[in-house]
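Got the model open in your viewer? Let's take a quick walk through it, one selection at a time.

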Amino acid sequence: YQRRVRGKVCDWLHSRGKAETVVITSGEIGSSSNEIVSMGSFKRGATRVKVSIPKIPTSFTGSGDVFAAAFLIWSHKLPDNPKLIMEKTVNTTYAVLARTFESFRDIPEPNSFEKELKLIQSKLDLENPPDKIKAVVVKE
């Protein structure tokens with residue numbers, strides 16, 4: 001059911017313009033309390049890819065920017081592989097967020113400086129993301 005809801009949202013967004021690709025970066029619709037879901041809809045919905053992502057127990061500022069930049073890069077490098085685009089995008093973003101979280105996890109009330117994304121420290125992950133989180137093609 002939840003996949004259909006995300007699919008309908010993607011269809012609606014495709015219908016609003018000429019977007020060939022729509023990505024819902026994260027959503028808790030139908031996901032467990034331990035994960036969020038990202039979905040990419042490619043070629044106006046001909047291919048859909050879902051990624052379940054372990055939830056990190058905090059909020060971040062700038063995570064959407066990291067996701068968007070990674071998605072743009074991987075879409076350019078892998079234009080014919082939606083599954084790999086989503087995997088590399090999510091793994092890139094997750095690596096930065098996990099490293100950032102680890103840097104302040106033991107601080108009782110971290111301030112915005114302490115929660116600043118660890119982009120420089122994540123250089124290698126940005127260039128070559130880990131292969132931990134897998135995507136699933138849900139429509140082809």
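Start by selecting helix 3, residues 82-104: with four residues, helix 3 is the biggest contributor to the lining of the largest pocket. Keep in mind as you click around that this is a predicted model.

Now add the other elements that give two or more residues to that lining: strand 1 (22-27), strand 3 (47-54) and helix 2 (63-77). The pocket they help to line has a volume of about 350 Å³.

Which residues lie nearest the centre of the largest pocket? Show Ser-26, Ile-36, Ser-63, Thr-93 and Leu-97 as sticks, and you have them. They belong to a lining of 17 residues. Colour that lining by residue class and you'll get nine nonpolar, seven polar and one charged.

Next, leave the pocket and go to helix 1, residues 2-15, where you'll find Trp-12. Select Val-9 and Leu-13 along with Trp-12: the three of them make a nonpolar surface patch of about 270 Å².

Finally, zoom out and switch to cartoon. You should be able to pick out four helices and four strands, and tracing the chain along its sequence gives the pattern α-β-β-β-α-α-α-β. The radius of gyration is 15 Å, close to the 14 Å that the globule rule gives for 140 residues, so the chain is as compact as a globular protein of that length. If you draw a box along the principal axes, the C-alpha atoms fill roughly 45 × 30 × 25 Å.

Definitions and conventions
Residues are numbered from 1 along each chain as its sequence is written. This is a predicted model: local features need pLDDT of at least 70, side-chain atom pairs count only at pLDDT 80 or more; totals for chains, interfaces and linings use all residues. Side-chain values use heavy atoms; hydrogens and water are left out. On a 1 Å grid over the protein atoms alone, a cavity is a set of points where a 1.4 Å probe fits but cannot get out, and a pocket is an open set with protein on both sides within 12 Å along at least five of seven lines; lining residues have an atom within 4 Å of a point. Grid points are joined across faces, edges and corners, and a volume is the space filled by probe spheres set on the points. Ala, Val, Leu, Ile, Met, Phe, Trp, Tyr, Cys and Pro count as nonpolar, Asp, Glu, Lys and Arg as charged, and the others, Gly among them, as polar. Patches are made of residues with over 30% relative accessible area and no salt bridge: like charges are joined within 9 Å, nonpolar side chains (Val, Leu, Ile, Met, Phe, Trp, Tyr) within 5 Å. Accessible areas come from the Shrake-Rupley method with a 1.4 Å probe; for residues, only the protein chains shown count as cover. A salt bridge is a side-chain nitrogen of Lys or Arg within 4 Å of a carboxyl oxygen of Asp or Glu. The radius of gyration is taken over C-alpha atoms; the globule rule is 2.2 Å times the number of residues to the power 0.38.
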